Structure formats: structure tokens, C-alpha cells
Amino acid sequence: MTWMVYGANGYTGRLIAELAVQRGERPILAGRSHEKVEPIAAALGLEHRAFDLSQARAHLEDVDAVVHCAGPFAHTSTAMVDACLRTRTHYLDITGEIDVFESIGLRDIDARKAGIVLLPGAGFDVVPTDCLAAILKNALPSATHLDLAFVVGGGASAGTTKTSVEAAAVGGRIRVNGDLKSVRIGHRRRTAYFRSGPREVGSIPWGDVSTAYRSTGIPNITTFTTVPGMLGQLQQVFAPVLQTPFVQNVAKTVAGKVKGPDERKRANTRAEVFGEAWDAQTKVECAITTPNAYSLTADSVLRAIGKINGVAPGSHTPSSAFGADFVRELDGVVAGEVRFS
């Protein structure tokens with residue numbers, strides 16, 4: 001299969017390209033800038049292309065699948081998805097953005113007609129949490145509520161930080177009775193029982209508010225991570241300022257200077273995920289430990305590429321494409337048993 005990494009000069013795109021070569025794959029590397037992509041392709045001995053997303057269709061005619069790594073995806077995914085639908089190219093990305101999941105989910109019929117798979121969130125956002133949601137749903141089919149929590153170590157890349165800057169101006173979101181609802185960040189706090197021990201976490205807007213609903217049909221979903229107790233109040237106060245173009249541009253300029261974790265830090269840090277689902281009578285919970293989030297993303301994307309031709313056409317979540325146990329296939333993942341109470 002001929003496949004492409006678009007945004008190969010970004011932190012995560014480069015990790016995917018490097019792991020692909022280690023595993024004997026030969027993707028085409030691409031991005032907007034020849035000057036940024038060419039040295040990476042030369043170092044890895046790979047073909048490269050440089051094009052703006054407005055030209056994507058012409059460059060995907062001979063490509064079976066593209067891994068889209070150029071975010072923030074709210075600004076880039078639509079053009080790439082449109083091009084993939086026209087060229088019948090499978091689409092994967094590494095987004096964690098709720099609105100992107102929602103918009104790509106609406107292209108399901110288009111994808112079926114084109115005979116392709118649309119798979120946003122093929123990395124840490126949201127493979128472990130989405131698969132955990134499906135594991136809990138399988139254990140308790142009558143579940144009406146779902147909480148998902150995660151903690152990550154090792155720091156963030158520039159791309160992740162830029163996306164977080166945009167999200168900070170919007171606030172939190174949850175799923176209530178099947179509908180998305182805006183709330184302040186940290187509007188709920190709880191204890192998450194990770195494999196390493198209990199941690200206090202607060203609610204945040206995470207991709208599973210969209211994807212876990214599509215994967216499981218559970219109508220009430222909240223996602224959590226470790227956040228300071230005052231963050232929600234501060235976000236509400238400063239949201240109007242954070243939304244101004246000037247502040248957003250300044251913040252993104254600073255974010256662009258962030259360096260993602262180096263190889264040593266990735267090797268020595270991990271991520272953890274906890275989930276709990278319940279109905280009126282029963283609760284089920286499970287916890288998963290994974291490698292560093294960026295290491296898992298590269299591994300997950302490559303395994304997804306290897307399976308993508310066997311997936312029914314349409315718009316998918318990771319668990320709807322590959323099953324709830326897909327996360328257990330990834331390197332270094334340790335999943336606990338489902339516990340009932």
C-alpha cells in the first residue's frame with residue numbers, strides 16, 4: 001500500500017516516519033514546506049512532496065492512505081478529508097479536537113459512497129480512552145454514564161500546545177443525554193483509580209465526549225485529567241481575553257517554541273487511563289497503563305495503517321474500526337481487569 005504522512009516535519013509526524021522506517025515501511029513524507037520536509041525525507045531515504053492543502057487532491061491520486069499530522073485540525077482537516085473523498089484515499093489523523101470528531105463523523109455517508117475509511121484520533125487521542133470505553137460498554141451493555149480519565153508524563157509538543165491554546169478559550173464540554181453541553185473546565189472533580197494509585201482529577205474537554213458516544217452510545221460522558229481546582233474559574237474570567245486574535249497569536253507563537261519530549265524522556269515516562277461506567281444498579285471500572293503518549297501514537301498509527309484495508313468504509317472511531325481490544329495489541333500497554341461493584 002502506498003501511504004503518506006502529511007505534516008512529517010512536525011514532532012509527531014516525524015516520530016511516525018522514523019518508526020515506519022524502523023519497521024520496514026516506506027511512506028511518502030509531505031508537508032507545506034519543501035525546506036522543512038526534504039531534509040527529513042533525505043535522512044530517512046524516503047520520497048517527499050511539498051504542497052498546500054488546497055493542492056492536496058492532485059497529490060493524493062496515487063496514494064492509498066494519508067496520515068494527517070498537520071494541526072490544529074480544526075483548520076486543516078476539512079480540506080484533507082475533502083481531498084481524500086475525491087481521490088478515494090483512506091484518511092487517518094491524530095486529532096483530539098471534539099469539533100473535528102463531530103464534523104468527520106458527519107461524513108460517514110460520503111465515506112461509504114467513496115469506499116474509504118475516515119479515522120480521526122488514531123493516536124493517544126483517542127485510542128486508549130476510546131477502546132477503554134468500548135471495553136466497559138461490552139462489560140455493562142446497559143450503562144448510562146461514563147467517566148474517562150487520563151494522566152500523561154513527558155511534556156507536550158508544539159502542535160499539542162497550540163491546540164490547547166485554542167481550547168482554553170472555549171472551555172469545557174460534556175455529553176448529557178446524548179447532547180454536547182458547554183461547562184467550565186473542572187466543573188466536576190473526582191478520584192480516578194489508575195493502576196499506579198488514586199489521583200484527583202477534574203473535568204476537561206477531551207475527544208471522547210464525541211468519540212466514546214459514537215463508539216458506545218452511552219448518553220452521559222465526562223472526561224478528566226489532573227487540573228488545578230481554580231482553573232475553571234480562571235478560564236471563565238479570562239475567556240474573553242483568550243479569544244481575541246492578538247492574544248491567540250501571541251500564545252501560539254510562544255507555543256510554537258515548545259519542544260516535545262526527547263527519546264530518553266519518552267522512554268522513561270508513561271500515560272495512564274481510567275474508566276468507569278454505570279447504570280442504576282451496577283458500576284464497572286478498568287485501568288490501563290501505556291507508554292509515553294507520543295510513543296503510543298506512532299505505534300498505534302502504524303498498526304492502524306496495517307489494518308485499514310480490512311475496515312468497512314465509513315467514518316470510524318478506533319474501537320469501531322479495530323475492536324475494543326485494539327489498545328491491548330500496542331507495544332507496552334498493560335490493561336487491568338474489569339471490576340464490578
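Is Arg 188 buried, partly exposed or exposed in this structure? In this model, which is a predicted one, Arg 188 is partly exposed, with a relative accessible area of 28%, and I would like to begin with the partner that its side chain meets.

That partner is Asp 147, and the two side chains form a salt bridge with a distance of 2.7 Å from N to O. The pair links distant parts of the chain, since Arg 188 sits in the loop between β9 (179–183) and β10 (189–194), while Asp 147 belongs to strand β7 (residues 145–152), 41 residues apart. Asp 147, for its part, counts as buried because its relative accessibility is 2%, and buried here means under 20%.

Another salt bridge joins Arg 14 to Glu 18, with the closest N and O atoms 3.2 Å apart. Here both residues lie in helix α1 (residues 11–22), four residues apart, which is about one turn of the helix. Arg 14 is partly exposed at a relative accessible area of 37%, and Glu 18 is also partly exposed, at 28%. There is, in addition, a network of salt bridges that links Arg 23, Asp 299, Arg 303 and Asp 331, and the count of salt bridges comes to 20.

Let me turn to the interior. The largest nonpolar core has 88 residues, and those with the most contacts inside it include Trp 3, Leu 29 and Leu 60. Helix α13 (residues 293–307) gives the most to this core, with eight residues. A second, separate core consists of eight residues, among them Ala 149 and Val 201. In general, nonpolar side chains in soluble globular proteins tend to be buried together.

Leu 60 also brings us to Thr 89, whose side chain reaches the backbone oxygen of Leu 60 at 3.4 Å. Thr 89 lies in the loop between α4 (73–87) and β5 (90–93), and it is buried, with a relative accessible area of 0%. Leaving out residues up to four places away in sequence, Thr 89 touches Leu 60, Val 63, Asp 64, Ala 65, Val 66, Cys 84 and Ile 116.

Finally, I come to a pair of helices. The axes of helix α5 (residues 98–105) and helix α9 (residues 208–216) come within 8 Å and cross at roughly 35°. On the α5 side, Ile 98, Phe 101, Glu 102 and Gly 105 take part, and they meet Val 209, Ser 210, Thr 211 and Arg 214 in α9. Sorted by class, this contact has three nonpolar, three polar and two charged residues.

Definitions and conventions: Residues numbered from 1 in each chain as written. Predicted model: local features only at pLDDT ≥ 70, side-chain atom pairs only at ≥ 80, totals over all residues. Heavy atoms only, no water. Axes fitted to C-alpha atoms, helices over the stretch in contact; angles between N-to-C directions. Helix = DSSP H or I, 4+ residues; strand = E, 2+ residues; numbered from the N terminus. Contact = heavy atoms within 4.5 Å. Nonpolar A, V, L, I, M, F, W, Y, C, P; charged D, E, K, R; others polar. Core = buried A, V, L, I, M, F, W, Y, C linked by side-chain atoms within 4.5 Å. Buried < 20%, exposed > 50% of the residue type's maximum accessible area, 1.4 Å probe, protein only. Polar contact = N/O pair within 3.5 Å; in protein donor to acceptor, adjacent residues only side chain to side chain. Salt bridge = Lys/Arg side-chain N within 4 Å of Asp/Glu carboxyl O.
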